[in-house]
Amino acid sequence: MPDPRLGLVLALADDELVLGHRHSEWTGWAPYLEEDLAFSSIGQDEIGHARLLYELAERLAGKDADALALGREPGEYRHAILCERPNGEWGYTIARQYLYDTADDVRLASLEGSSFAELAAAVRTIRLEEKYHLEHAGQWFERLANGPVEARQRFAHGLEGAIGEALAVFEEVPDEKALVADGVLPRSNEDLLGEWLGRLGADLDRVSLDWVLTSHTGADGEMVPTSSGEIEAGPTLTVPGVERRDGRWVHVGEFAGQGGRRGRHTEDFAALWEEMTGLYRALPGATW
Amino acid sequence: MHIWDVLSRRRDGDPWQVVGSINAPDLDLAMMLARETHFRHGEGTTFALRRRGEDQTHECPDPSGIGGVVGKEYRRQEGYVGVGAKLKRVHALMAERGLVIDRPRPRGHRPRAAKEAAGA
């Protein structure tokens with residue numbers, strides 16, 4: 001019977017490793033040189049955090065950190081599906097970074113109070129660097145949301161594409177009830193999701209982009225005015241499980257993109273895994 | 001887009017020294033980008049920015065943690081240290097598998113040799 005803490009630590013580590021890998025794909029391609037370096041550094045930070053967490057998982061799993069990071073089959077990774085999605089364009093990348101890092105901040109703040117002392121200590125260290133990721137995401141959030149029309153549109157489109165799957169960062173981890181009871185998880189993921197949605201809703205309200213959180217339905221759905229004044233059925237924009245109640249965004253029902261915490265991933269991860277683990281699989285234990 | 005000169009204090013008490021420059025549209029983004037592009041390996045204890053052509057310097061409001069706090073030794077490019085010995089090891093490993101490098105690199109990939117040949 002594996003230690004229930006392992007599933008939690010792997011979920012945290014795999015999120016950082018896989019998203020760090022995606023960030024690194026911008027190296028050489030970011031909108032301009034300074035940002036290219038900045039984003040590459042953030043990618044390296046995330047991979048560094050993953051290593052710290054894999055080292056913590058070593059004794060729970062009985063495997064070394066490299067084997068945990070690179071020696072598992074795709075179905076054994078526990079990251080949120082959001083992290084494995086291709087970068088797409090800059091608007092999606094920044095939307096995802098903003099959503100992930102704000103969500104990560106909420107859960108890490110909680111984990112600082114974990115009864116798993118080594119995890120709490122690692123999280124305190126990680127947060128010292130994560131504050132810069134939040135700053136980076138915040139700077140770009142403001143510029144794109146308040147920027148020229150095209151930048152705002154692309155950012156809004158990126159948010160629309162990412163928000164549904166971002167909710168599943170807070171998908172329940174295996175054995176979550178036991179972890180909460182033991183204080184390893186000071187708060188449940190559902191509780192943390194509520195806090196994050198409040199923060200997200202406030203940020204989006206402030207720049208009048210809260211509509212990206214709104215659930216629309218297609219055929220029998222909401223009616224919206226067109227530029228000619230006619231009324232027609234609105235577009236299908238589906239974000240399962242988010243509703244506005246008493247002025248607050250709350251989570252209800254299912255997640256989009258759930259399954260990551262149980263090892264269910266998309267075809268996007270298959271290609272990423274092939275590349276990320278290629279050298280390790282060809283030459284296990286290789287050093288350079 | 002403006003050019004910002006990046007100034008650093010290598011150690012506490014050192015004078016400001018210009019260490020480079022960056023492009024950024026405003027001070028906020030310039031602060032973030034200067035930290036990420038110039039101080040990721042602990043190259044200084046703090047830094048400041050001065051917009052090119054202006055006298056005012058803007059000191060980083062919170063330099064704690066620049067250079068990172070998590071071990072970053074994997075960021076150092078040490079892969080090319082001792083390349084000769086590594087090459088010998090690779091040749092030996094290849095020989096064990098019955099493989100050899102039996103020809104030099106193509107001439108077009110050896111610019112110095114090609115230049116010498118052209119000059120001769």
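How many of the 120 residues of chain B count as buried? The answer is 19% of them, with "buried" meaning that 20 or more other C-beta atoms lie within 10 Å of a residue's own. Keep in mind as you look around that this is a predicted model.

Let's stay with chain B for a while. Its secondary structure adds up to 3 helices and 4 strands. If you walk along the sequence, you meet them in the pattern β-β-α-β-β-α-α. Contacts also reach across the chain: take those in chain B with a separation of 6 or more, and 43% of them link residues 24 or more positions apart.

Now for the sheet. The 4 strands of chain B make an open sheet with antiparallel pairing, and their order across it is β2-β1-β3-β4. At the edges you'll find β2 (17-24) and β4 (57-59) of chain B; each has a single partner strand, so one side of each is left without a neighbour in the sheet. From one strand to the next, the twist averages 30 degrees.

Further in, β1 (residues 2-9) and β3 (residues 46-51) of chain B run antiparallel and are joined by 6 bridges. To see one of these pairings, find B:R9, whose bridge partner in β3(B) is B:T46. Helix α1 of chain B, residues 27-38, packs on this sheet and touches β1, β2, β3 and β4 of chain B. The direction of that helix makes about 125 degrees with that of β2(B). As a general point about strands, side chains in a regular one alternate between the two faces of the sheet.

Over in chain A, there is a hairpin to look at. Strands β3 (residues 242-245) and β4 (residues 248-251) of chain A run antiparallel, with 4 bridges joining them. One pairing to look for is A:V242 with its bridge partner A:H251 in β4(A). Between β3(A) and β4(A) there are 2 residues, and A:D246 in that turn has a positive phi of about 50 degrees.

So where do the two chains meet? The contact takes 19 residues from chain A and 18 residues from chain B. On the chain A side, α2 (33-61) and α6 (117-145) each supply at least two of the residues that touch chain B. The most comes from α2(A), which gives 10 residues. Sorted by class, the side of chain A that touches chain B is a mix of 7 nonpolar, 7 polar and 5 charged residues.

Methods: Residues are numbered from 1 along each chain as its sequence is written. Chains are lettered from A and ligands numbered from 1 in the order in which they are written. This is a predicted model: local features need pLDDT of at least 70, side-chain atom pairs count only at pLDDT 80 or more; totals for chains, interfaces and linings use all residues. Two residues are in contact if their C-beta atoms, placed from the backbone, lie within 7 Å. Ala, Val, Leu, Ile, Met, Phe, Trp, Tyr, Cys and Pro count as nonpolar, Asp, Glu, Lys and Arg as charged, and the others, Gly among them, as polar. Two strands pair if DSSP finds at least two bridges between them. A residue is buried if 20 or more other C-beta atoms lie within 10 Å of its own, exposed if 12 or fewer, and partly exposed in between; C-beta atoms are placed from the backbone. Axes are lines fitted to C-alpha atoms, for helices over the stretch in contact, and angles run from 0 to 180 degrees between N-to-C directions.
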